[in-house]
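Welcome to a short set of exercises with worked solutions. Keep the viewer open and try each task before you read on.

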Amino acid sequence: MPLLTQRILRGLAPILDTTRAVARHDTPDRIVLGVRPGHRPSDKPPVRIFLGSERAQFRAERVFIWSVEKHRDPSRIYEIHILKELDGFNRRFWLTGFTNYRFAIPMFCGFEGRAIYNDADQVYLRDPADMFDLDMKGSGFLSINDRDTSVMLIDCHAMAEAWSEKVVRSLSRKQLEARARADSLWGHLDAGWNARDKEYHPDTSWLVHFTTLHTQPWRPLPEQFVYFRNTAVGPLWFGLEAEADEAGFLPVSATRPSREWPQAYTELQQAGHQALLEMLEPNAEIKQPHERLDLTDFLERVPDADIAWVLDRIFSAAHHIHIRLDEPLRPVSGGRVRRNRHFWLQHLDGTSRRRAHTRWTLDRREGLRWQRWHGGPAPQGDIVVLTHRKPGHDNQALAVAEQLARDSGRNLQRLALPGSDAGHILRRLCRLGPGIKLPSQAAVIVASGWLPTRVAR
């Protein structure tokens, strides 16, 4: 569906969008990257960064913040303010969930000092303080051109009139940019601070901006776009994510949870989840992992920003996690709305990368039906490949099964389904067809083709 059509439908019928988070905060949430241990604090002011984001961009948010953490001055403080779900703005017809928040940055700063604005689909390759400390030469804001405000260095005092509180809450993005141009407030920012996709060059690009929606590596909106591999700068983004995983980096954690966590904690206590909450305490120690933990009626109550660290803690406490989600279709107390399948699978896959030895099962209501997904390592046992009568299908299944067996060191078994009538076999699916019995030590089943895949299921 074209972006313009989506924008119109979002504006005319916002009630249809049951996954879009409700605006419920007056000010942005803040993540502070303090002076690293062992470093003498700098006398320079904190680097203030405002990040435009929305629910679907949680994976991009983490990698962006990691890129700041990786390249920053360890002796300096960096404040990252998340522009998301803010009240007092008319978000109808916005192309994203954060389109106009950037113009309210001077207001959020009390019209004093400097601030950087970034979109969530960007990563730093150099210390953002190098941009923050630039000579602005009297300009109100710097960007690569006077109509692209996706990366800005802002003098909040100079923008007080053009982007006052009243106008940023009522005018459109183009109108607000036009006000700044009319007052000659724009100044030039080097293009190296906003290299878009194929503009990236390792020697001259200090920030990469993934503007092509169909090739964004983290694939935030699979319901709206068909995604393709990003061969130009995709490996760079995945490299940063792998580094964050290796470092165990989570911008929100048990020691610095989101501002919504205290209320959620109380609700979870009242719902009888005290045992799970004890595992989430900052100083909690897991001496012996549980064989299995059940998270029925638990994650639905956890705020978006805390999902990653909560899952990380729980995955470290058990060999197998079972999650059952039955979320509401409409807003409930606290402004929460339904989080889609992609939201949960991305979070679970991300946790599995960091906690590779924990298996998980997700049961989730999809419309009127319940569906199940699995993840993490397979249980101990053999790899079984089901074959039938078509060499093309059988060869594909065998190739996958043989590679899995080599990579995992597991035994491989081959089971041939009878060559009789397909309907005859399907009537006996519960017994895998006449005379076919699955080995008790089977852990993974591989199949290809119409009939073998249905027997496998």
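**Exercise 1. The surroundings of H7**

What covers the buried residues of H7? Work it out on this model, which is a predicted one.

*Solution.*

Step 1. Locate the helix: H7 runs over residues 234–247, 14 residues in total. From its first C-alpha to its last it reaches 20 Å, close to the 20 Å expected at 1.5 Å a residue.

Step 2. List what is buried in H7: Gly234, Trp237, Leu240, Glu241, Ala244 and Asp245. Because these residues cover an arc of only 140° around the axis, they sit on the same side of H7.

Step 3. Turn to the other side of H7, where Pro235, Glu246 and Ala247 are exposed.

Step 4. Now look at what lies over the buried residues of H7: the cover includes helix H2 (58–71), strand E5 (122–124) and helix H11 (341–354).

Step 5. Finish at the end of the helix. Just after H7, Gly248 has a positive phi of about 65°.

**Exercise 2. A helix that covers H7**

Take H2, which is among the elements covering the buried residues of H7. How many of its 14 residues are buried?

*Solution.*

Step 1. Check the dimensions: H2 has 14 residues and spans 20 Å between its first and last C-alpha, close to the 20 Å expected at 1.5 Å a residue.

Step 2. Count the buried positions: 12 of the 14 residues in H2 are buried, so the helix is described as mostly covered.

Step 3. Name some of them. The buried residues of H2 include Phe58, Phe64, Ile65 and Trp66, but also Arg59, Glu61, Arg62 and Glu69.

**Exercise 3. A lysine and its partner**

Which side chain makes a polar contact of 2.7 Å with that of Lys84?

*Solution.*

Step 1. Place the residue: Lys84 belongs to the loop between strand E3 (78–83) and helix H3 (105–108).

Step 2. Judge its exposure. The relative accessible area of Lys84 is 18%, and therefore this lysine is buried.

Step 3. Collect its contacts: with neighbours within four places in sequence left aside, Lys84 touches Ser53, Glu54, Arg55, Glu61 and Tyr101.

Step 4. Pick out the partner. The side chain of Glu61 forms the 2.7 Å polar contact with the side chain of Lys84, and Glu61 is one of the buried residues of H2.

**Exercise 4. Two cysteines**

How far from the sulfur of Cys109 is the nearest cysteine sulfur, and how many disulfides does a search of the whole structure find?

*Solution.*

Step 1. Begin with the search, which finds zero disulfides in the whole structure.

Step 2. Read off the distance: for Cys109, the nearest cysteine sulfur belongs to Cys156 and is 3.9 Å away. Seen from Cys156, the nearest cysteine sulfur is that of Cys109.

Step 3. Apply the cut-off. A disulfide needs the two sulfur atoms within 2.5 Å, so a separation of 3.9 Å does not qualify.

Step 4. Add the exposure: Cys109 is buried at a relative accessible area of 10%, and Cys156 is buried at 0%.

**Exercise 5. Positive phi away from glycine**

Which residue in the loop between H4 and E6 has a positive phi near 55°?

*Solution.*

Step 1. Recall the background: most residues other than glycine have a negative phi.

Step 2. Find the residue. Lys137 has a phi near 55° and lies in the loop between H4 and E6. Its relative accessible area is 71%, so Lys137 is exposed.

Step 3. Look for a side chain by its backbone: a polar atom of the Asp135 side chain lies 2.9 Å from the backbone nitrogen of Lys137. Asp135 is in the loop between helix H4 (129–132) and strand E6 (141–143), and it counts as exposed at 59% relative accessibility.

Step 4. Consider another case. Arg219 has a positive phi near 50° and is placed in the loop between strand E10 (207–209) and H7. At 36% relative accessibility, Arg219 is partly exposed.

**Exercise 6. The nonpolar cores**

Which residues touch the most other members of the largest nonpolar core?

*Solution.*

Step 1. The largest nonpolar core has 72 residues, and Trp261, Phe298 and Leu299 touch the most other members.

Step 2. Follow Phe298: beyond residues up to four places away in sequence, its contacts are Leu268, His273, Leu276, Leu280, Val310 and Ile314.

Step 3. Apart from this core lies another, of 26 residues, including Leu83, Phe103, Trp163 and Ala180.

Definitions and conventions: Residues numbered from 1 in each chain as written. Predicted model: local features only at pLDDT ≥ 70, side-chain atom pairs only at ≥ 80, totals over all residues. Heavy atoms only, no water. Helix = DSSP H or I, 4+ residues; strand = E, 2+ residues; numbered from the N terminus. Buried < 20%, exposed > 50% of the residue type's maximum accessible area, 1.4 Å probe, protein only. Polar contact = N/O pair within 3.5 Å; in protein donor to acceptor, adjacent residues only side chain to side chain. Contact = heavy atoms within 4.5 Å. Expected span 1.5 Å × (residues − 1). Arc of directions from axis to C-beta. Core = buried A, V, L, I, M, F, W, Y, C linked by side-chain atoms within 4.5 Å.
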